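User: I am new to this structure and would like a close look at one part of it. Please walk me through its open spaces and what surrounds them, in one connected account.

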Amino acid sequence: MAKFFYLHGLFLPLAVLVMAACDQQQQSGQPVLNWYVFDERSGAFRDAARHCSEEANGRYRIEFTPLPSDADQQREQLVRRLAARDPAIDIIGMDVIWTAEFAQAGWILPWPETTAANATQGMLPAAVTSATYHDRLWALPFTSNAQLLWYRKDLIENPPVTWDEMIERAESFARPGALQVQGERYEGLTVFFVSLLASAGGSVLASDGNSVSLERQATHKTLSLLRRIATSPAADPGLAVSREDQNRLAFETGNPIFMVNYSFVWPSARQNAPDIAKNMAWARWPSVIAGQPSRVTIGGINLAVGAYSRHPQMAFEAVTCLTAADNQKLAARKGGLPPTLRALYSTPAVRQRFPMADTLLETLLDAVQRPQTPVYNDISLAISHTLHPLADIDPETDGLRLRRAVQRALRSEGLF
């Protein structure tokens with residue numbers, strides 16, 4: 001009975017949407033391609049939709065349809081509608097971690113093999129990998145991102161080379177909160193762990209994506225480092241509830257010395273704390289192992305074609321247009337979203353928005369993927385629940401707990 005009411009409640013709003021879309025098309029005689037993507041506020045995505053509609057020369061029109069700003073809410077809404085085979089979803093703005101899940105479920109269409117190589121030409125290899133599952137391309141990379149190390153150049157002459165060095169230098173200032181990282185129980189904590197683990201030479205899953213890796217030495221080193229960060233006198237007292245935005249706001253007060261975060265902190269500091277911004281500098285993440293480069297997880301948005309679209313061929317064409325250089329440059333310049341086309345990092349428009357473009361590109365070229373599996377959401381929950389709070393980590397016992405939790409997630413057996 002409960003299932004009936006759920007489906008019944010789901011069907012009605014979908015039916016209304018489909019009927020509205022049909023009416024709209026019947027009135028104009030022009031197919032409408034609905035592009036579902038996060039609510040990008042600068043207008044860059046709307047501008048791209050308008051440009052590509054104009055290039056279609058009347059054959060179709062792209063309708064920008066915003067999803068919630070929260071990634072979990074975006075996924076929930078898309079999953080419910082795609083599970084109901086909603087034909088109104090033509091183009092999907094997917095977080096890079098959704099590719100395997102959406103492909104495995106049959107909710108998106110694979111990119112035509114005859115054009116996949118040309119469509120991804122010049123794109124960052126890690127971005128293309130994020131859109132690939134079982135050796136098939138399922139989307140075109142549109143925007144990218146990765147964290148950098150931000151530090152106070154008026155207080156630190158050169159950025160630290162290793163995490164151990166950074167912790168020691170942060171502690172030398174005797175300031176609680178001198179080191180800003182993400183410690184709340186959420187996706188950001190999983191990202192932090194995966195980046196440190198990869199920098200230590202490890203991975204969560206084996207290369208086949210079907211079994212746990214979590215190499216003992218690399219996992220132990222990563223958990224020891226997380227505990228050291230959390231119990232350091234340089235840690236933020238609010239670390240257990242600290243996300244990227246709390247880190248940004250803290251850094252703008254002038255108290256922190258170091259912060260790992262995304263590039264959005266730069267324009268924010270220039271606007272909100274110009275005295276701090278003039279002394280902000282950036283670098284790649286420090287190494288976990290001296291002499292070995294850091295590996296930071298890649299983020300961003302890939303554009304896929306919905307499996308139940310009434311106009312799949314037009315949707316493929318529209319995605320090709322939306323991810324073209326001019327629209328990526330627009331998203332970078334106007335929306336502050338790093339591009340996936342490598343050549344754009346050398347253009348004046350992108351470099352003006354991202355003065356850290358060289359460091360960001362260098363980081364992205366060494367970027368690592370989060371586990372590419374249809375059950376990524378469960379694995380991420382298993383990691384963040386097991387490791388939170390960071391200050392309570394026991395590297396010996398929690399290595400085993402983490403392995404068991406990830407194994408349960410792989411088997412869809414729940415968290416405990």
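Analyst: A word to start with: when two residues are said to touch, or to be in contact, they have heavy atoms within 4.5 Å of each other. Please also keep in mind that this is a predicted model.

Let's begin with the largest pocket, which holds about 1800 Å³ of space. Its lining is made of 49 residues. If you want to find the middle of this pocket on screen, look for Ser69, Ala71, Asp95, Glu244 and Tyr262, which lie nearest its centre. Several elements of the chain supply at least two lining residues each: the helices H3 (71-83), H8 (187-199), H10 (244-251), H14 (325-335) and H17 (376-387), together with the strands S6 (140-145) and S11 (299-305). Helix H17 gives the most, with six residues. Sorted by class, the lining has 16 nonpolar, 17 polar and 16 charged residues.

One of the residues nearest that centre, Glu244, leads us to a neighbour. Which residues does phenylalanine 264 touch, leaving out those up to four places away in sequence? They are Glu244, Asp245 and Arg248. Phenylalanine 264 belongs to the loop that runs between strand S9 (258-261) and helix H11 (265-272). Along the chain, 20 residues separate phenylalanine 264 from glutamate 244, while in space their C-alpha atoms are 9.8 Å apart. The relative accessible area of phenylalanine 264 is 34%, so this residue counts as partly exposed.

Strand S6, one of the elements that line the largest pocket, offers a contrasting case in serine 144, which sits in this strand. Is serine 144 buried or exposed? Serine 144 is buried, because its relative accessible area is 2% and the cut-off for buried is under 20%. Leaving out neighbours within four places in sequence, serine 144 is in contact with Leu124, Ile298, Gly299, Gly300, Pro338, Pro339, Thr340 and Leu364.

Now let's move to the second largest pocket, with about 410 Å³ of space. It is lined by 24 residues, and those nearest its centre are Ala206, Ser207, Gly209, Pro371 and Gln372. You have met helix H8 already as a contributor to the largest pocket; in the second largest pocket H8 gives the most, with three residues. Strand S4 (132-133) also supplies at least two residues there. This lining is made up of 10 nonpolar, 11 polar and three charged residues.

Gln372, found near the centre list of this second pocket, is also touched by threonine 129, as is Gln369, if residues up to four places away in sequence are set aside. Threonine 129 lies in helix H6 (residues 125-130). With a relative accessible area of 35%, threonine 129 is partly exposed. The C-alpha atoms of threonine 129 and proline 141 are 9.3 Å apart, and the two residues are 12 places apart along the chain.

Gln372 takes us on to a closed space as well. How many cavities of 30 Å³ or more does the structure hold? There is one, with a volume of about 90 Å³. Of its 14 lining residues, Val96, Ile97, Arg370, Pro371 and Gln372 lie nearest the centre. Helix H4 (99-105) and strand S4 give two or more residues each to this lining. By class, the cavity has seven nonpolar, six polar and one charged residues around it. Pro371 and Gln372 are thus named nearest the centre of this cavity and nearest the centre of the second largest pocket.

Last, a look at the packed parts of the model. The largest nonpolar core has 133 residues, and Trp35, Phe45, Phe102, Trp163 and Phe193 have the most contacts inside it. Leaving out residues up to four places away, tryptophan 35 touches a long list, including Phe45, Ile62, Phe64, Ile91, Phe142, Leu303 and Leu322. The model also has one disulfide, between cysteine 52 and cysteine 321, whose sulfur atoms are 2.1 Å apart. This pair links distant parts of the chain, 269 residues apart: cysteine 52 in helix H2 (residues 44-55) and cysteine 321 in helix H13 (residues 312-322). The link is left-handed, with -95 degrees about the S-S bond, and both cysteine 52 and cysteine 321 are buried.

Definitions and conventions:
Residues numbered from 1 in each chain as written. Predicted model: local features only at pLDDT ≥ 70, side-chain atom pairs only at ≥ 80, totals over all residues. Heavy atoms only, no water. Core = buried A, V, L, I, M, F, W, Y, C linked by side-chain atoms within 4.5 Å. Buried < 20%, exposed > 50% of the residue type's maximum accessible area, 1.4 Å probe, protein only. 1 Å grid on protein atoms, 1.4 Å probe; cavity = no way out; pocket = protein on both sides within 12 Å on 5 of 7 lines; lining within 4 Å. Points joined across faces, edges and corners; volume = space filled by probe spheres on them. Helix = DSSP H or I, 4+ residues; strand = E, 2+ residues; numbered from the N terminus. Nonpolar A, V, L, I, M, F, W, Y, C, P; charged D, E, K, R; others polar. Disulfide = S-S within 2.5 Å.
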